[in-house]
Every structure is written in structure tokens, then in C-alpha cells.
Amino acid sequence: MKFTYVTLFENLISPYFEDSILKKAIEKNLLSIDFYNPRDYTKNKHNKVDDYQAGGGAGLLLNAQPLFDTLKDIKSKNPNAYFIFPAPAGKPFVQVDAKRLAKKEHIVFVNGRYEGIDERVVETYADEIFSIGDYVLTGGELASTVMSDAISRNISGVLGNEDSLEEESFENKLLEAPSFTKPTIFENKSIPSEFLKGNHGKISNLKNEMAKLKTKYFRPDLFSRSDARR
Ligand code: SAM
């Protein structure tokens, strides 16, 4: 998988890949990243990438020409690239999207700044538009990094133990059951006794019941869509 980031602020994204699991994924050649800066594609004397909004309105927009030319260049070099625009107006990014997008070979994240992007660029290039929540961020970089992380976990070989994906939250529309480690009693609180008896069938049933209860309590909306409800 390759992630390309179109951004004015590469340094807001690149450090995230310099440690931990995603660093290892790059070292193992499971993942590669690169960056394009629309400022390198400007045709004006001062390399300006923003402008006032047509018809008025507060704040500046990323204007069409530099972004359009950046994306045209990327597309001509990578005909199979898939263009994702993070935006508050997008559909909510969820785990099934992370799994589905992990099968793509090349994703380009086009990051807005200021009051956003001239809509004509979005109309021309967006394959999908995603929001990471109902709040407004300063730019798309955090949203792209969040989506990249969630997608990367689902690329074969990125996680040391892929079994952990199967029990994770949002599988079967349930949250993961509560988990514990040693010691078995800590601050007068014990772990469920079944976990100590080594009967894996019973432990699995118990975990399943706890996952249902946890989901019902914390995310009734998710539980109402789960098969576990029936
Ligand atoms: N004026 C825009 C609006 O009201 O919808 C907000 C623009 S925001 C300040 C600048 C950029 O941050 C957006 O173009 C987008 O790339 C990114 N962004 C902000 N909030 C986001 C969210 N919830 N999800 C994904 N991207 C977001």
C-alpha cells in the first residue's frame, strides 16, 4: 500500500510514521508514503495557494489551480490512485471503510486548510469524502493520519498478531470485551474467575456475553444494529 498526502504541512503527518507499528510496516515494505505540496504547483509570483471566497464569506479557501495541477500530476503518474478528501461534509469514516480501503494499492489524501477547498477540485477528483467526526479541525492532516492508521492495521502483515483484529471492537458490530492482565487481584479488584480456569470455550462465551453488555451500555446505537441483539 502506498499513501500519498497532498498537504502544505508535511511535518504534521510524517512524524507519525517514524515510530512503532507504522514505522515497522515501512521497513518491511508493506507501506510507503510520499508527499506533494500544492505550493510547488502555483503559477503566481508569490506562490500563493489561498484566496478570498467568491461571493464573499469569512476566511480564505485553497484555490483551484495549484491543487488541480498537483492532483493531475499525481493521477498521470499513478492511474490507479484512489483519491480521498477528508471534510466535515463527508460520510462518517468507520471500521468497514478501513478494512475495505486496506485492499487498495494507492490512496491519495487531499488535505484541506483554511475554510476548505474550491469545490470544483473536489467534484473533479474525489473518489470518496470522509469525515472523522462531527467537529471542525484546522486541517485535513489529522483526519488523514487517523484514517491511514486505521487502514494500515488491516493490511496483511502490519500487525504482529493478526488474530487480534478478529476480537477487536466493531467486529460483528460489538465492542471488544473488557480485558485484563496480571496480577489477578489488583487494588482489591479481581479478574473474572472463569479467566483463571483455562477452559477456552467457557472463556470465549463469557467474553462474548461481556462484549454484548459493554456494547449495550456504551453504544446502544451500535448494539441495536448488531446480530447479537436477536
Ligand atoms: N469551512 C469548512 C466547513 O465548515 O465545513 C471547514 C474547513 S476546515 C477548517 C479545514 C479542513 O480541515 C477541511 O477542508 C478538511 O480537510 C479538514 N477537516 C476539518 N474537519 C474535519 C473532519 N471532521 N473530518 C475530516 N476532515 C476535516
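Biologist: The C-alpha centres of domain 1 and domain 2 lie 37 Å apart, but which residues belong to each domain?

Modeller: Domain 1 covers residues 2-152 and domain 2 covers 169-229, with bounds that come from an automatic or database domain assignment. This is a predicted model, in which local features need pLDDT of at least 70 and side-chain atom pairs pLDDT 80 or more, while totals for chains, interfaces and linings use all residues. Residues are numbered from 1 along each chain as its sequence is written, and side-chain values use heavy atoms, without hydrogens and water.

Biologist: How many aromatic pairs are there, and what makes Tyr5 and Phe109 a stacked one?

Modeller: Rings of Phe, Tyr and Trp (its six-membered ring) pair if their centres lie within 6.5 Å, and planes under 30 degrees apart count as stacked, over 60 as edge-to-face and the rest as tilted. By this rule there are 11 aromatic pairs. For Tyr5 and Phe109 the centres are 5.5 Å apart and the planes differ by 10°, so both conditions for a stacked pair are met. The two residues are 104 apart in the chain, Tyr5 in strand β1 (residues 2-6) and Phe109 in strand β6 (residues 106-110); strands here are DSSP runs of E with at least two residues, and helices are runs of H or I with at least four.

Biologist: Why is the pair of Tyr16 and Phe17 called edge-to-face?

Modeller: Their ring centres lie 6.1 Å apart, within the limit, and their planes stand at 90°, over 60, so the pair is edge-to-face. Both residues also belong to one aromatic cluster, together with Phe3, Tyr5, Phe35 and Phe109.

Biologist: Are Tyr16 and Phe17 buried or exposed, and how do you know?

Modeller: Buried means under 20% relative accessible area and exposed over 50%, with partly exposed in between (1.4 Å probe, protein chains only). Tyr16 has 41% and is therefore partly exposed, whereas Phe17, at 4%, is buried.

Biologist: What makes Ser148 buried, and which aromatic residues does Ser148 touch?

Modeller: Ser148, in helix α5 (residues 140-152), has a relative accessible area of 0%, so Ser148 is buried. Leaving out residues up to four places away in sequence, Ser148 touches Phe3, Tyr5, Phe17 and Phe109, where contact means heavy atoms within 4.5 Å.

Biologist: Why do β1 and strand β2 (residues 32-36) count as paired?

Modeller: Two strands pair if DSSP finds at least two bridges between them, and β1 and β2 have 5, in the parallel sense, so they qualify. The bridge partner of Thr4 in β2 is Asp34.
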